[in-house]
Amino acid sequence: MEDKRLEATARLLEVMNTLRRECPWDREQTFDSLRSNTIEETYELADAILDHNMEGIKEELGDLLLHVVFYSKLGEEQGAFDFTDVANALCDKLIYRHPHVYGDIHANTPDEVKENWEALKLRKKKRKSGTLGGVPRSLPAMVKAYRVGEKAAATGFDWERREDVWAKVKEETAEVEAEINSKDHDRLEGEFGDLFFALINACRLYGVDPEAALERTNKKFIRRFNYMEEHAAAEGHMLHDMTLDQMEALWQQAKKEE
């Protein structure tokens, strides 16, 4: 098994070398030109994971691995690093951040492991920006909010009981309602942001991935809305010609069909 893995890795690296030499498109690529494609591939992997599509996950992992190999090849050409450096640096980092496996530190629960992980990352990198400095600026806002909450919680800055988060959610909801009445759009946007942040922290505390939860609802809404359009069309109607009560009846019918 190990020999097959090594052979596959060597084959992939050699294919990358060939493409970089002989393919006009591959020859032109740079770190900057690949960046947006890497982000897209990451989202495609995330979609496959949400769908529990194992064949899709395998394919998208391959696409993402291609980008790791491609960036490593670009680094090699510039004399900065190569695939070996990338893999060894990752191994060194994993060993350093798992002293409960490779050292004499004890961590008996996933939460203790995460606390040690965050502390070690901060100590190793000595970030001037502190605990939250490792959160990438370009992360989508929802993912960023979740990571910010996680990192802050790792320092002990969190609700003592997870049930206490609901008081914050209610407080932020009331502030949104107050700003709606004031008709100040800028302040309203800020209060909606605070409400989203509180809800995302509630998800974190209850072990729910907010991105997965929202995407699940997106898919459910799309499925039901498509049902409404299809059944309205079958009856010779378009949704914008129907009353709200008629559309609601189709919506309830769609729910029953699930």
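# A walk along the helices

The crossing of α3 and α4 is left-handed, and that is where this tour of a predicted model begins.

**Stop 1: the α3 and α4 pair**

Select residues 31–50 for helix α3 and residues 54–77 for helix α4. Their axes come within 9 Å and cross at roughly 160 degrees. That angle is over 145 degrees, which makes α3 roughly antiparallel to α4. To see the contact itself, show side chains on both helices. On the α3 side, the residues that take part include Phe31, Leu34, Thr38, Leu45 and Ile49. On the α4 side, look for Ile57, Leu61, Leu64, Phe70 and Leu74, among others. Polar residues take part as well, including Arg35, Asn37 and Glu41 of α3 and Glu60, Asp63 and His67 of α4.

**Stop 2: the loop between α3 and α4**

Now select His52, which sits in the loop between α3 and α4. Check its backbone torsions: His52 has a positive phi of about 55 degrees although it is not a glycine. As background, most residues other than glycine have a negative phi. Is His52 buried or exposed? Its relative accessibility is 67%, so His52 counts as exposed.

Move on to Asn53, also in the loop between α3 and α4. At 37% relative accessibility, Asn53 counts as partly exposed. Draw a distance from its side chain to the backbone nitrogen of Glu55, and you should find 3.3 Å.

**Stop 3: Ser72 in α4**

Stay with helix α4 and pick Ser72. With a relative accessible area of 2%, Ser72 is buried. Which residues does Ser72 touch, not counting those up to four places away in sequence? They are Phe81, Asp82, Phe83 and Val86.

**Stop 4: into α10**

Jump along the chain to Lys183, in the loop between α9 and α10. Here is another non-glycine residue with a positive phi, this time about 60 degrees. Lys183 is exposed, with a relative accessible area of 72%.

Next, select Asp184, which caps the N-terminal end of α10. One of its side-chain oxygens lies 3.2 Å from the backbone nitrogen of Asp186. Then colour the whole of helix α10, residues 185–205. Its 21 residues should span 30 Å at 1.5 Å a residue, and the end C-alpha atoms are 30 Å apart, so the expected and computed spans agree.

Which residues of α10 are buried? The list is Leu188, Glu191, Leu195, Ala198, Ile200, Asn201, Ala202, Arg204 and Leu205. When you look at their spacing, keep in mind that an α-helix has 3.6 residues a turn, so residues three or four places apart point the same way. The cover over the buried residues of α10 includes α8 (141–154), α9 (165–182) and α11 (210–234). After α10 comes Gly207, whose phi is positive, near 70 degrees.

**Stop 5: Glu172, from α9 to α10**

For a close view of α9, select Glu172, which lies in that helix. Glu172 counts as buried, because its relative accessibility is 4%. Leaving out residues up to four places away in sequence, Glu172 touches Glu191, Asp194, Leu195 and Ala198. Three of these names should be familiar: Glu191, Leu195 and Ala198 are among the buried residues of α10.

**Stop 6: α11 and its surroundings**

Go to Asp209, the cap at the N-terminal end of α11. A side-chain oxygen of Asp209 lies 2.9 Å from the backbone nitrogen of Glu211. Helix α11 has 25 residues and reaches 36 Å from its first C-alpha to its last, close to the 36 Å expected at 1.5 Å a residue.

The buried residues of α11 are Pro210, Arg224, Tyr227, Met228 and Ala232. Covering them are helices that include α8, α10 and α12 (244–257). Just after α11, Gly236 takes a positive phi of about 80 degrees.

**Last stop: Met228**

Finish by centring the view on Met228 in helix α11. Met228 counts as buried, as its relative accessibility is 4%. Leaving aside neighbours within four places in sequence, Met228 is in contact with Leu239, Met247, Leu250 and Trp251. Draw one more distance, between the C-alpha atoms of Met228 and Leu250: they are 22 residues apart along the chain and separated by 5.5 Å.

How values were computed. Residues are numbered from 1 along each chain as its sequence is written. Side-chain values use heavy atoms; hydrogens and water are left out. Helices (H or I, at least four residues) and strands (E, at least two) are DSSP runs, numbered from the N terminus. The expected span of a helix is 1.5 Å times one less than its number of residues. Buried means under 20% relative accessible area, exposed over 50%, partly exposed in between (1.4 Å probe, protein chains only). Contact means heavy atoms within 4.5 Å. A polar contact is a pair of N or O atoms within 3.5 Å; within protein, one must be able to donate a hydrogen and the other to accept it, and residues adjacent in sequence count only if both atoms are side-chain atoms. Axes are lines fitted to C-alpha atoms, for helices over the stretch in contact, and angles run from 0 to 180 degrees between N-to-C directions. Angles under 35 degrees count as roughly parallel, over 145 as roughly antiparallel, 65 to 115 as roughly perpendicular and the rest as oblique. A crossing is left-handed if the near helix is turned anticlockwise from the far one by less than a right angle, and right-handed if clockwise.
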